[in-house]
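The following paragraphs lead through the structure, from a single residue to the chains and the contact they make. They may be read with the coordinates open alongside.

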Amino acid sequence: MIRVLRGLITTAILLTLWAGIVWIFDLPHYILPGPERVISVLWTRPELFVHHALITAAEISAGLALGGIFGLAVACLIADSPRLQRWTMPALVISQALPVFALAPILMLWLGYGFASKLAMTTLIVFFPVTAATLSGFRALPSSWSDTITALRGQRLRIFWQVRFPLALPFAGSGLRIAASVAPIGAVVGEWMGSAGGLGYLMLHANGRGQTDVLFAALVVLCGLALLIWGITNHLTRSLNRYQAFD
Amino acid sequence: MLTIRQLDLSYPGYPPLATIDWSIVRGQHVALLGRSGVGKSTLLKALLETPKPPQIQCETTRIAYMAQSPVLLPWLSARDNVMLGARLRGERSSETAEIADALLDRVGLSGLAARAGGQLSGGQKSRVALARCLFEEAELVLLDEPFAGLDRSTRIDMAELCRELLVDQTVILVTHDPRDASDWLEAAWVLSAQQLSGPLDLQAFQDDRELIRALDGAL
């Protein structure tokens, strides 16, 4: 209840500031439309925004799922081999250092203008935080734990699946939460580069036609969508904390 | 049971160990004292390794280890934590579960076999860890400050339990305060950065100053 109230108060303050700026500087609506214009376009054409928001939401969610699985798998594969980590880490870092904008045209060329290229971009953004966080989870095992496990003389594979993997899961979860906050970048950039739907497409389209109110409305919807996806991810990954055994 | 000749060791991330000679007779219960950083855990790590360094001759491969913090998987039941070794070796059966339950009874946790490790108190976790040591049916038991982090009365209870249940095993108890277990241990060795000295009479440590002198290598 308090959280809802806090959200409402923050929104009210932002809207007032926004309206105030438009009023004080007497800005034309094609530069900065007032909140009333944006709300009105959202109110009169909800199907337009829902349609495009669903496309973007599908791209982000699928990217999060695929990037999460991929990130976890890569971390598991290289967890036990410092040599493999030394070989793969530079490639993983480069995959993050290259801006997704730079890769977008190539991915478009290879995967086309449809869903696949957006999925690839979102996956690319998501998997690294998950891999890095999971790896740090594997490394976080205190010596008292590894000595205890050594003394039990277990089989390597069983130790991995029954002890080390579950213990790394809370770390993977925090990686996925970080990834969820940046995942929309991949989807929206992909849509800007070329697409037939999605909030990024809608923004570009509205911008070209001077519909600044639609552009802003799409931005507002994107903010809401990003918060929603982050919230859901946050909620889902909290259940991994039952595997939390040490700080 | 255990003979160490001219061992000197270092592991990445562990303090180096002075060159030591040590031998323990089967069935002995001894304390290993030393300030932090003199290599007590380095020595335990070497004892747990397979294969061991050639300077260590140990009559058994059945060694159990209890760490400073009770290492329990919070999502597994107390029972499954006790038989973790069997699970990890692929030897789990209904029989092992019965043994685990019986051991939980012996450490005073009857009725808590199904409770998740994460929902046990600190003292209960230590008891589960002790039951796991017993489950391993080891001949040599290494206890690495198992009473650290427990309140005074729980420490006394735990020491009493160890005395009762670890009668047949050879035990090395790493501790800062041998008085916790003085009626159970037979002798103490003191490890310093330069040497391992002992056996020392535990009665000598009834006084704090004597304990400090011992830790400083002055006895």
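Phe138(A) belongs to helix α6 of chain A, which covers residues 115-139. The structure is a predicted model, and this residue offers a point of entry into it. Is Phe138(A) buried or exposed? Phe138(A) is classed as partly exposed, because 19 other C-beta atoms lie within 10 Å, whereas a buried residue needs 20 or more. Apart from neighbours within four places in sequence, the residues in contact with Phe138(A) are Ala75(A), Ala79(A), Arg164(A) and Ala168(A). Ile31(A), by comparison, stands 107 residues from Phe138(A) along the chain, and 51 Å separate the C-alpha atoms of the two.

The wider setting of this residue is chain A, which contains ten helices and zero strands. Read from the N terminus, the order of elements is accordingly α-α-α-α-α-α-α-α-α-α. Taken along the principal axes, the C-alpha atoms of chain A occupy a box of roughly 75 × 50 × 30 Å. Of the 247 residues of this chain, 36% count as buried. Among contacts in chain A with a sequence separation of 6 or more, 80% are between residues 24 or more positions apart.

Chain A is assigned two parts: domain 1 spans 1-32 and domain 2 spans 38-243. Their C-alpha centres are 30 Å apart. As for confidence, the average pLDDT of chain A is 92, and 100% of the residues score at least 70. Among the elements of this chain, helix α3 (residues 46-78) has the highest mean pLDDT, at 96, and helix α4 (residues 82-97) the lowest, at 88.

Chain B has a different inventory of elements, with seven helices and nine strands. The radius of gyration of chain B is 17 Å, close to the 17 Å given by the globule rule for 219 residues, so the chain is as compact as a globular protein of that length. The C-alpha trace of chain B extends over about 50 × 40 × 30 Å along its principal axes. Buried residues make up 42% of the 219 in chain B. Where contacts in chain B link residues at least 6 apart in sequence, 65% of them join residues at least 24 apart.

The domain assignment of chain B places 1-62 + 139-219 in domain 1 and 73-137 in domain 2. Over C-alpha atoms, the centres of these two domains of chain B are separated by 25 Å. How many residues of domain 1 of chain B are in contact with domain 2 of chain B? Ten residues of domain 1 meet ten residues of domain 2. On the domain 1 side, helix α6 (residues 152-165) of chain B supplies the largest share, five residues. That side comprises seven nonpolar residues, two polar residues and one charged residue.

The mean pLDDT of chain B is 86, with 98% of its residues at 70 or more. Within chain B, confidence is highest in helix α2 (residues 78-82), at a mean of 96, and lowest in helix α7 (residues 208-215), at 74.

Nonpolar packing comes next. In soluble globular proteins, nonpolar side chains tend to be buried together. The largest nonpolar core here has 119 residues, and those with the most contacts inside it are Ala218(A), Val82(B), Leu104(B), Ala131(B) and Val141(B). The greatest contribution to this core, 13 residues, comes from helix α8 (residues 156-193) of chain A. Once neighbours within four places in sequence are set aside, Ala218(A) is in contact with Phe49(A), Leu199(A), Leu202(A), Met203(A) and Ala206(A).

There remains the contact between the chains, to which chain A and chain B each bring 18 residues. On the side of chain B, the elements giving two or more residues are α1 (40-48), β5 (63-66) and α3 (84-89). Which element gives the most to this side of chain B? It is α3(B), with five residues. By class, the side of chain B that touches chain A consists of eleven nonpolar, four polar and three charged residues. The model as a whole scores ipTM 0.85 and pTM 0.86.

How values were computed. Residues are numbered from 1 along each chain as its sequence is written. Chains are lettered from A and ligands numbered from 1 in the order in which they are written. Helices (H or I, at least four residues) and strands (E, at least two) are DSSP runs, numbered from the N terminus. The radius of gyration is taken over C-alpha atoms; the globule rule is 2.2 Å times the number of residues to the power 0.38. A residue is buried if 20 or more other C-beta atoms lie within 10 Å of its own, exposed if 12 or fewer, and partly exposed in between; C-beta atoms are placed from the backbone. Two residues are in contact if their C-beta atoms, placed from the backbone, lie within 7 Å. Domain bounds come from an automatic or database domain assignment. Ala, Val, Leu, Ile, Met, Phe, Trp, Tyr, Cys and Pro count as nonpolar, Asp, Glu, Lys and Arg as charged, and the others, Gly among them, as polar. A nonpolar core is a set of buried Ala, Val, Leu, Ile, Met, Phe, Trp, Tyr and Cys residues joined through C-beta atoms within 7 Å. pLDDT is the predictor's confidence in each residue, from 0 to 100.
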